[in-house]
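Me: I am new to reading protein models. Could you walk me through the features of this one, step by step?

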Amino acid sequence: MMNAKAFLENSTMRPSKCLLRAFTRLSPSRDTAFQSHHSRCINQNINNQDPYRITKLRNVVQFCTNTPSSVTTQVASEARNLSASRTCTKDPTLDKIISKNGLNVKPLTVERLEEDEKDEEVVNGDVSNIDKDGLENVRRKEIEEEAWRLLRQSVVTYCGSPVGTMAANDPTDTAPLNYDQVFIRDFVPSALAFLMKGEGEIVRNFLLYTLQLQSWEKTVDCYSPGQGLMPASFKVRTSPLEEDKFEEVLDPDFGESAIGRVAPVDSGLWWIILLRAYGKITGDYSLQERVDVQTGIKMIANLCLADGFDMFPTLLVTDGSCMIDRRMGIHGHPLEIQALFYSALRSSREMITINDSSKNLVRTINNRLSAISFHIRENYWVDKGKINEIYRYKTEEYSTDATNKFNIYPDQVSPWLMDWIPESHRCGFLVGNLQPAHMDFRFFTLGNLWSIISSLGTPKQNQAILNLIEEKWDDLIGHMPLKICFPALESSEWHIITGSDPKNTPWSYHNGGSWPTLLWQFTLACMKMGRPELAVKAVTLAEKRLQADRWPEYYDTRYGKFIGKKSRLYQTWTIAGFLTAKQLLQNPEMASSLFWEEDFELLETCVCVLTKSGRKSCSRAAAKSQILI
Ligand code: GLC
């Protein structure tokens, strides 16, 4: 520890005051592996590229073999070995070319467009629609300019560098609670907006500083959550030193102060997703190749992939562990976490440098990806036909080939769902949660959108989800895109499931409120499925109100007509989500670097696994047929 301190004092990195404080937070009782990991982390110059580079060999790991390797010590010792090993000079031209699936692919580079050029950009041939709704172009530009101004005002700096954006920045708010913090999930749309504008520095800093926070001591009631956990948020605190000097301290919240002490399971997943996006948009792949960053990815992956008691490939989490960060009856295997988990695993698989010590992990990731997609596609999907099947389910089946595997009692199919589900088989969605004898039929928007974006759903399912949103436009979009979930919990359900939460009353906040930040993810999903016109329609709707309403966090009522009763104003991810949606529409090429297409290799793995238990034939044709489910 002393050596590391001495190193920091002598290093040319950030002003040492900013980092020394991090050491004082370290527990002296931490195990050896963790200590080595941390000092390795600190022994990196945050702004310099790691001199040690390894050539990437992608997809060289065999599928369908061996058991998971989720050992943090292994990861830490690997990092130790690597950071201690030789250095090699970097050829700058190599940064422009990455080796992907054996092919040399040129990364997307961001070019700044002149204002005039931007206006002429065409969105899949159809941006003209944006201009047909009565909003003058001048007005439109003003709104966008204000959004950029506000986004820049929300930037938080640490030791002089931008490191994130605060959740809300309403100057009239006298009790901001933790909305003055940088939330990991909230920063994602800000990051994308900056990246697409060609401003990568803030994102790079964010990724590196949050990586350091990952290693901090964290305790909730004398218990330390798993290594690799990323905080929900962090704050830059200023504390006085002697005379009139101050030091800045990064202070993370891992749930120990958060309302309800919720575990931020999604933070690490978002971090990985953003890391990939940073590489794709800037073309700077050196960041993800750094040893400390590689270790960060592996620690998150290992934490998520650790064996437990679970029978499902999906991730078992507590209530409130994602965007919905308070009790809403989503503990278990909520779709949102599964879709982000899947996206993060797909990202990790692309980014992890393959070598002897990582190949088991990559193999585990591949197997898990296959298993998750099979499980979700088979068991979470509902359309009219499937609901009818569930409605007629036999129960209490004891056998390996039961139809009603989870023993869902048909009475769970509530009247709202029977009325709501469209007649057409072209419409359907993935349910919110699945557990023994429990299927949560509510429509959760974020999970469904990320299933589309990451190809967790089949191509047909993904189209069907968008068809459903189009068909149920009034319910899911109404006056303000988009409902966080549908329908709201009412009466005794609200009472029991939310614990009588006065913020989550029916059609408010997480309980069926409308969240404009979901707009960018909707836009990305629409663009992936070749339906930008749907996104344009939603963006246009939001554009008419957001500025006038002072960029609220969420809207209330069945159709999203009113600004939410406890909604913050000047909410950053509302502003950034709007800007990102617009930029995505203007840059289809960039959008396409942010989503994933179907991966047949993964499907094949899944069929292979099933064959071992003698239940399905193993062939590429069988794999392909699966995508038609
Ligand atoms: C609320 C939201 C959460 C968000 C936070 C900061 O708690 O539920 O998703 O990260 O506010 O905006």
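Me: Let me start with one residue: is H331 buried or exposed, or something in between?

Reply: Some ground rules come first. This is a predicted model, in which local features need pLDDT of at least 70, side-chain atom pairs count only at pLDDT 80 or more, and totals for chains, interfaces and linings use all residues. Residues are numbered from 1 along each chain as its sequence is written, and side-chain values use heavy atoms, with hydrogens and water left out. Now the general idea: buried means under 20% relative accessible area, exposed means over 50%, and partly exposed lies in between (1.4 Å probe, protein chains only). H331 has 41% relative accessibility, so H331 counts as partly exposed.

Me: Where does H331 sit, and which residues does H331 touch?

Reply: Helices (H or I, at least four residues) and strands (E, at least two) are DSSP runs, numbered from the N terminus. H331 is in the loop between α11 (291–305) and α12 (335–351). A contact means heavy atoms within 4.5 Å. Setting aside residues up to four places away in sequence, H331 touches V317, T318, D319, N433 and Q435.

Me: What does the whole protein look like in numbers?

Reply: The protein has 25 helices and 15 strands. Of its 629 residues, 60% are buried. Among contacts with a separation of 6 or more, 73% are between residues 24 or more positions apart.

Me: How many residues does the largest nonpolar core have?

Reply: In soluble globular proteins, nonpolar side chains tend to be buried together. A nonpolar core is a set of buried Ala, Val, Leu, Ile, Met, Phe, Trp, Tyr and Cys residues joined through side-chain atoms within 4.5 Å. The largest one here has 160 residues, and L192, W271, W450 and F522 have the most contacts inside it. Helix α9 (residues 265–282) gives the largest share of this core, 10 residues. As for W271, its contacts beyond four places in sequence are L207, T210, L211, M230, V293, G296, I297 and I300.

Me: Why is helix α16 called largely enclosed?

Reply: Helix α16 (residues 445–453) is largely enclosed by the rest of the structure because 9 of its 9 residues are buried. W450 is one of the buried residues in α16.

Me: Which residues does I390 contact?

Reply: I390 belongs to helix α14 (residues 384–391), and I390 counts as buried because its relative accessibility is 0%. Leaving out neighbours within four places in sequence, I390 contacts V382, I408, P410, V413, M439 and F441. I390 and V413 are 23 residues apart along the chain, with 7.7 Å between their C-alpha atoms.

Me: What about a charged residue: is E543 buried or exposed?

Reply: E543, in helix α21 (residues 532–546), is buried, with a relative accessible area of 1%. A polar contact is a pair of N or O atoms within 3.5 Å; within protein, one must be able to donate a hydrogen and the other to accept it, and residues adjacent in sequence count only if both atoms are side-chain atoms. The side chains of E543 and R140 make such a contact at 2.5 Å.

Me: Which residues are around the ligand?

Reply: A residue is near a molecule or strand if one of its heavy atoms lies within 4 Å of it. Around the ligand are A167, Y179, F183, R185, D186, M323, D325, Y509, H510, E553, Q571 and W573. Oxygen atoms of the ligand lie 2.5 Å from a polar side-chain atom of D186, 2.7 Å from a backbone N or O atom of M323, and 2.6 Å from a side-chain N or O atom of H510. Taken alone, the ligand exposes 310 Å², and the protein buries 96% of that. Such areas come from the Shrake-Rupley method with a 1.4 Å probe; for residues, only the protein chains shown count as cover.

Me: Which backbone details should I look for?

Reply: Most residues other than glycine have a negative phi, and most peptide bonds are trans. Here, the bond from P481 to L482 is cis, with omega near -15°, and a cis bond with omega of about -10° joins F486 and P487. N407, not a glycine, has a positive phi of about 55°, and Y570, also not a glycine, has a positive phi of about 50°.
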